[in-house]
Each structure stands twice: as structure tokens, then as C-alpha cells.
Amino acid sequence: MVFSSHLFLFYFLPVVLAVYYLLPRPARNLFLTLVSYLFYGWANPLFLILLFFSTLVDYVAGLMMASGAGREADGSPGLLAKGVLRRSREKWALGISLASNLLLLGFFKYFNFGVDSFNGLVTALGLEMWRLDVMLRVVLPLGISFYTFQSMSYTIDVYRGDARAIRNFTDFACFVSMFPQLVAGPIIRFSEVADQLRGRIETPELFARGVAFFCLGLAKKVILANPCGKIADTLFDGGVLGCLDAWYGVTAYAFQIYFDFSAYSDMAIGLGLMMGFIFPENFNSPYRSQSITEFWRRWHISLSSWLRDYLYIPLGGSRLGTRRTYVNLMLVMLLGGLWHGAAWKFAVWGGLHGSLLALERRIGKQSFYHRLPPFFRTAFTFIFVLFTWVFFRAADLPAAITFCRSLLGLGASPDSTLLLRGVVFKPYYLMTFALCAVIVWAAPKTWEWTRRLTWFKTVIALMLFVLSVILLSMQSYNPFIYFIF
Amino acid sequence: MNQQKSNLTREDEARVEMARTTVSPVCGAWLISLFITALLAVFVIQYADDLTQYFQGARPDAVPEFVRIKPLWITPGRAFQTSEGSPWARLTAANRALLGEMKRYETRLEETSWLARRVLPQAQYVFTRWFRIGNEKVYCGRKGELFYRPDVDFTAGRGFLDPGQLRSRRLSSPDRGIPVQPDPLAAIRDFDRELKAMGIRLIVMPVPAKPARQPARLYKHYSDKLPPPLNPSYRVLVSTLQADGIEVFDCLETLSKHKKSVYLKQDTHWLPSGAMLAAEALARRIRAMGLLPEQPPAGYTRREVDVANRGDIAALLRLPEEAGLYDPQWVELFQVISPDKKLWMRSERSDVLLLGDSFANIYSLPSMNWGVSAGLAEQLSYYLQRPVDRITFNDNGAYATRLELARRQTAGMHPLEGKRVVIWEFAARELAQGDWKKIPLKPEEARPPSALTE
């Protein structure tokens, strides 16, 4: 189910909110879990088996680890002591949790990629008899990258002694499956919501701010991201383009992915607030960054901090020397790239970011153009990010290279692509494009805008909601970009 | 202070931020209640609308649409019981059935909603009228011209023979997991080989997409001096087929010679004059190739009729009835009359078979509302002065017509018996968007020319 769909907005959401507030507090997590399963199962009911399996394994693993940790005064499992060598039972429990989650992710996300890459390699080497003739095409379950990471963070935190294991299965299932952020993040860590699962306070202030978050998120998606997506789709599907068209296309994509994904995060945060959950910020005006290092502190913060805490630091982080730091950075970004999608173009995207991060690390976490005025630093960072988005968006690696050549004015575009100008340079798209630029670089972010809700802002939020619904009626199925990851 | 802030976890920061929320109780209450009201209003108005329709007799009962959820468990249950194989196979069959029902349920809710019926047309009107924006399938061109998005995507998109494009299409599996065969070359070669084995000559006739013939109606700076915009693989396909000895009738050349517009303004198809120009040139080519035995003219004549209709692309915009943005277009048809003074009829005994799609059907099929007896087969019959047989399907014609040939053969019919020429007409965009699976045909015998009279 998509937040920006008729079914969600006018049937699912009102019913869920009404029943949620009618139920007594102890029943609310169970209800949230059930409706989250309905929400998730709407994409494909069979995917529920995977979600439940992942939840069950991590729940049991958590309890296994906590069995040797003693009890709190209220009888709940205690924290494992930090800095103490773990027993084999704890190691086994963590191993089973990690293995099952990574196997799930590996099989469902990377099986086709692995087979295709292997076949491509043996064909290139002239060893066609080694080709794997596998008929099976594995379907990627929605949001598997998000909930496996979220679920794994729980067992890792328990193992490390950063979080207490949870005994209440319903609460844990609620944490893993919570519909506002289940399929496209933000990735919530157990330690961030453990207290809120046990007891949270729903207030009118939080609910009102949640409504404002939700309205702004919906507007970002429908009013800004979708038209930019139309520009980007048209131009990226257009083969060899002229230089101007290519820059217009990739910038439109940069706006699309930012407004699309941050819209989802805003709506998720808003829905969470309506039900008393407080989720951390996921985007902090990333295109205002003055270096790639800063960009990764502001873009998809829940993923970058997950990768930092559960991959980069365990690999040694920056503690094992300069060379190892660069290797770690590169490895984390390559894996981060592949986390987004099972294709070499994502690995290239991650590799490019990793290289730039390593380069900036070498000069003190600053961009190599840090002596320039701030405007130019931001501009150059944005241009680097645009180049990397080409690999993210293009259909495949050859198409990405063709697009990069167009950006550099090296491609000879056929006359047929001129037609696309008649489609994408319409005043409506140009106005939307300009509005996106203003919001990206000059407008307050959602967190700031909703901090103090005045009458004026109330009217604006509601007007945006109504306008979004009207526009929504004109748009057919428009899932969020991150749904496919 | 900074040090204190940096020690906060992201969760703490979020909590601190939320604690800073400032909203007056009255303002907050209004925001919440208006938001909830907006959500519920759609639901309530929808039910009021359903009730009104029920009392007007437009609905069989007063049950709200959203509670019609019975099929969500009945259909999967039935699928589980009736399907065969292992429990897992039955479960997946039930799951597929459930997915289908859920999709139908959601689509029904959307399409029957008052938002879609009342708000969408008005919003679309504003966007089309003031911003010249179409929708997911329609691009607004200049001077009241509309373009079908798949036509533009095909014309200006990546080459359909590009290996990457072929691969990505092969991986898309719309038909219950059966991958699409995206390469038209292989299918055309195969079809030609099968027909040649029966002594039949194939003429491949891709009909160009409207943007290829009228690019300046979409982008005003597209100069007349430039060649027509074509998909990068189009010329490659034509030259490859010709090098293989396969006859290609490229009607873009014919249509380009005509100065005036040959496409309907708000429709994907050609004008009657376009169909006639193509038929005339095709007949000339067939004669020049000497594929058919000489015979006296059959006596087909034509008469002029005027027809008006709204284009299929305009219909996709779903504008309000009274909008008046795109009025019906009047066209002059030349209906073909048989020697017996009746409207033209296909002849199964003809030695010419036309396999075609909606380009062949538009002025022939009554359901398309553009008149009858003036389609491509009729005009070809007129210019050849001999009967013509035809098999046509509006959608996915290149694939569906071959499938129909095979089906008729399986049913014991002989659709290719006595044929000398098969003309395979299809919209050029199918080269990039169609399914090009090979379809095996049974060999059929050619009949003597004497039997080929109507």
C-alpha cells in the first residue's frame, strides 16, 4: 500500500487512527502490528511469511542472548555487560540472527544479480559451457532491505549490551513491522523506540505536528517529486541527449529522489507522531552540503548512521591507520551502494561516493575546494552528487556512461531526442523545477517549519493537503522510489 | 552547549525537538479536526454518492463499495481448492488469486470514487487548458494536437535493438512470470521463413508513430529541414531485414511525401488519407514485385462519407463532457463498395492476407466509431482491384494476429491456404513495446489461381 494512494488516505488511515484511539493502551501495539501486516501484505501476502520469519528469529535470538544477563527489578531481561567476552550461546544467537537475515536479503535481493553477473563473466571469458541456466527469477519482497537491517540492529544492540532484550513478542513484532516506516524507512533502531513501545504519550501537540509533517510530505511527493520524476523519466529513457537536456534531466532526478524520499520520511514521521512515536530525522537539507562528507551526514541519516555503527566501526573505522580507514570507507560505501539495488551501477555509485569520502578524509573531512566561497562549495558538491545520481538512475551501466557523456557534451544526440524538449520544457515543469530549487536551497526544512504551528501554517498545511489530493486523482500508480530497495 | 548537543543521540535530539513544538490548543484542534474531516469527507461523500446512485437506479444496492470484500477470501479459497500440485503450488495459486482480487478492489475503489468522477475531470481540464499538461499517457502538442506517450517514448527513446534495452525488457515479466521476447528481428525472420516454406511472400509494414511524421506539432523548433525523428534502431531493423531478403514496406516514406497532415489531431491513428496513401503505394509495390497473377479488375468502387468522432488520445484525458477543449474531428472517408454494390467484405479465398492492428481497423471496425468499409484492407482491395482477406486485432497486433493464425490452424481451419502474399501491418512502436515470441505455424498448400475468385 502506498501512502499517496486513495485506499491508504481515505480508508486505511482514518480507520486505523479511529480504532487506535478507541482501543485501550495495552491493545494498541497489537493493533498496530496487525494493521502493519495488512499494510505490508497488500503488496503480496506471501511476503508476510518472510517478515514474520525475520521477526521470530530475531526475537528468539534476543531472548537467547538475554538469558544469561540477569533480570531487572520488574522482571524484564537485563542488559548484557559491556566489554565482557560473550559466551557461545550468545555468539550462536547473534550468528543465527545475522545469518538468517543476511541469507534472506542475499537470496531475495542478490540471487538474480549473482546469476546474471556469473553468466556475464563466463561469457566474457569464452566459457559459455559454465553458464548457469537458472529458470528461477526471484521476486524482491518489498522493503526487505529496511526491515532486515532494522531487525538486525536489535540483536546486535542486545549482544553489545546497548539494548535490553524484549520479552513481549507483540511489541517486538510492532517494532519490526510498524507500517509508517516499514517499506522505505527511516531505519529505526530498537534502542530508539524501545521505551516508546513500552509506553508512549500521545498528545494533541504531537498529533497536530504529525498532521503538518504528513501534509508537507504528501505535498512534496505529489506536487514536487512526481512532476520532476516525469522530467527525469522522459529524459533518462531518451538515449543520447544534448548537454542541456542531460543536465536538466539529472537535476530533475536529484530533486525527484530527494523530495520523494524525504516526503516518505516526513509522512512516516508524521504518522508516527499521530500515534505517539517519535522517529529521528532522516534528511537535513542534504543539497546544502559543502562537501561529500557533509552530504552523508545529511542524506538518509538513518542508513548512513546504521552503516557507520554496524559496519564501519566494527571494521575498525579510522582506528587502524590511514590506509585501512580508506579501505573501510570504500567497503562501506560499496556495500551501501549494493544495499540500494542489486546491480553494478549501484556499486559504481557507492564506489564514487566512497572515493570522494576517502579523498576528503585525507584533507581533514573537507572538500578539496574548501578554500572557495560557500556558494561554490555547495555548487561543486551538488554537481558531484548529480554525476553520481546518473549511475543510480540510469537503466544500466552502459546507459549511465552514455548519459555522463551527454552531460559532458560528448554525445551526438539523434534528432529524435529533440522531441523530448516539447515534453519537458513546458512552463508547468519549469515552474515546478524552479520551486524545487527554491525549497532545496532557501526554504526551512520540515522539522523547522512545523516547530511552531501558527494559524497561517495550519491553513497552508491543509491547503497543500487538499491540493495534493486533487493532483493525486490525476496521477496513476506512483510508488515511492525507495520501495524498490 | 555544543558539546552537550553532540552527546545527544539522534533519538534524544528528536525528543528535544518534539518537546519544542509550539501550537495553541485551538489552532492544534482545528488542524487535527480539519485533517480528520478531510479524510472522512471523502468517505462520507462517497457513500452519499453511492446512495444517490442507488436511489436513481444506477446501482443494484446501497452497500458501500469499500465493504465489498467478499471476493478477497472467496476467490483465493476457490483457487486453492481447484488448483493442482503440491500444497506450496496451491498456496501460490491462491496468493496470485488474492493479489488479483486486491488489485481489482483497489482499482474499483479508485475508479468509482467521486474524486475520480467529479474532481479528476475538472483538475485535468485546468491542467490541460492552462498548463498544456496531459496525463500519464497523453502529451499535449501544439495547435490542439495530442500525442500518445508510448509513441513519443518509442520515437525518442533508446534503440529497441540496443542490447541493454533488450535485456531489461526480457527481465520484465508482465505475463504471469513468462518473460517477454523483445527482439523483433528474430520473430520477423522466423515468420518469413515459415511463410516462404509455404510459397508465400511476406511484406512487413510498420506504420510510423505520429511524432515521426509530425514532430513540429510536439516541439515547435523541430525544423522541417531535419529528417523525420526515428528510433535509433528503426533504420537498422529495416536494412537488416532487407539484407536478409525480407520485404519491408516503409510507409513513412510514402506519408512524408504528402505535404498535409496524415494523422488525426487527437488520435494515435492516421487520417483516411493516410490509410489511402499507404494502401495505394503498397498496391503499387505488390504489382511491381509481380507477386500476384494478372486478373481483370474486380470492380471495386468508392463513395465519399463524412464521419466525426473524438480521438482516442482525447478520451484518455477524461475531460469533463462540457469542456469543449477537443471537439470531435470531421473526416472524409472513402468507403469501398464491392462489385455487388454492398459494403466491402473480406474474402477468405483471396490470395492476399492482411494481418493488421488498429491502423488497419480504424475506418473499418464499427466499435472504433470512425466509420466502416474504408480501412486499410478495403483500400488495398480497391487499389489492387481484387479481394483481400484480413485478420486484425487492435491491441498488440503484431503478436495477436500471428497467434490467431496459429489458433485457426489448430482449430482445423486453413487461414494460409491459397495465399501468395501476407502483409503484416503493425504500429511501429510495437517494435519496442510488443511481444515478439516466435509462433510455429503448420505448413499449408497453395491453391491454383483459378480458385481465387470471390
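A salt bridge, as the term is used here, is a side-chain nitrogen of Lys or Arg within 4 Å of a carboxyl oxygen of Asp or Glu. With that in mind, welcome to this predicted model. Two interfaces are worth a visit: one between two domains of chain A, and one between chain A and chain B.

**Inside chain A**

The domain assignment splits chain A into domain 1 (6-11 + 25-116 + 136-200) and domain 2 (206-290 + 367-484). Taken over C-alpha atoms, their centres lie 31 Å apart. Where the two domains touch, 23 residues of domain 1 of chain A are in contact with 21 residues of domain 2 of chain A.

How many salt bridges cross the interface of domain 1 and domain 2 of chain A? The rule finds zero. There are, however, two residue pairs in polar contact across this interface. On the side of domain 1 of chain A that touches domain 2, α1 (6-22), α2 (25-41) and α7 (190-198) each supply at least two residues. Helix α7(A) gives the largest share, with four residues. By class, this side holds 16 nonpolar, five polar and two charged residues.

**Between the chains**

Now for the contact of chain B with chain A, which takes 70 residues from chain B and 81 residues from chain A. The size of an interface is often given as the accessible area lost when the parts come together. Here are the values for both interfaces.

| Interface | Buried area | Share from carbon and sulfur atoms |
|---|---|---|
| Domain 1 and domain 2 of chain A | about 1,800 Å² | 77% |
| Chain B and chain A | about 6,700 Å² | 71% |

The count between chain B and chain A is five salt bridges. One of the residue pairs joined this way is Glu192(A) with Arg10(B), whose closest N and O atoms are 3.3 Å apart. Between these chains, 16 residue pairs are in polar contact.

Several elements of chain B give two or more residues to the side that touches chain A, among them α2 (10-19), β1 (22-23), α3 (25-55) and α5 (87-112). The largest share of that side, 15 residues, comes from α3(B). Sorted by class, the residues on this side of chain B are 45 nonpolar, 13 polar and 12 charged.

**A strand pair across the chains**

Which way do β1(B) and strand β1 of chain A run, parallel or antiparallel? They run parallel, and two bridges join β1(B) to this strand, residues 452-453 of chain A. Within the pairing, Arg452(A) stands opposite Thr22(B).

Definitions and conventions. Residues are numbered from 1 along each chain as its sequence is written. Chains are lettered from A and ligands numbered from 1 in the order in which they are written. This is a predicted model: local features need pLDDT of at least 70, side-chain atom pairs count only at pLDDT 80 or more; totals for chains, interfaces and linings use all residues. Side-chain values use heavy atoms; hydrogens and water are left out. Domain bounds come from an automatic or database domain assignment. Contact means heavy atoms within 4.5 Å. Buried area is the accessible area (1.4 Å probe) that two parts lose on being put together, summed over both. A polar contact is a pair of N or O atoms within 3.5 Å; within protein, one must be able to donate a hydrogen and the other to accept it, and residues adjacent in sequence count only if both atoms are side-chain atoms. Ala, Val, Leu, Ile, Met, Phe, Trp, Tyr, Cys and Pro count as nonpolar, Asp, Glu, Lys and Arg as charged, and the others, Gly among them, as polar. Two strands pair if DSSP finds at least two bridges between them.
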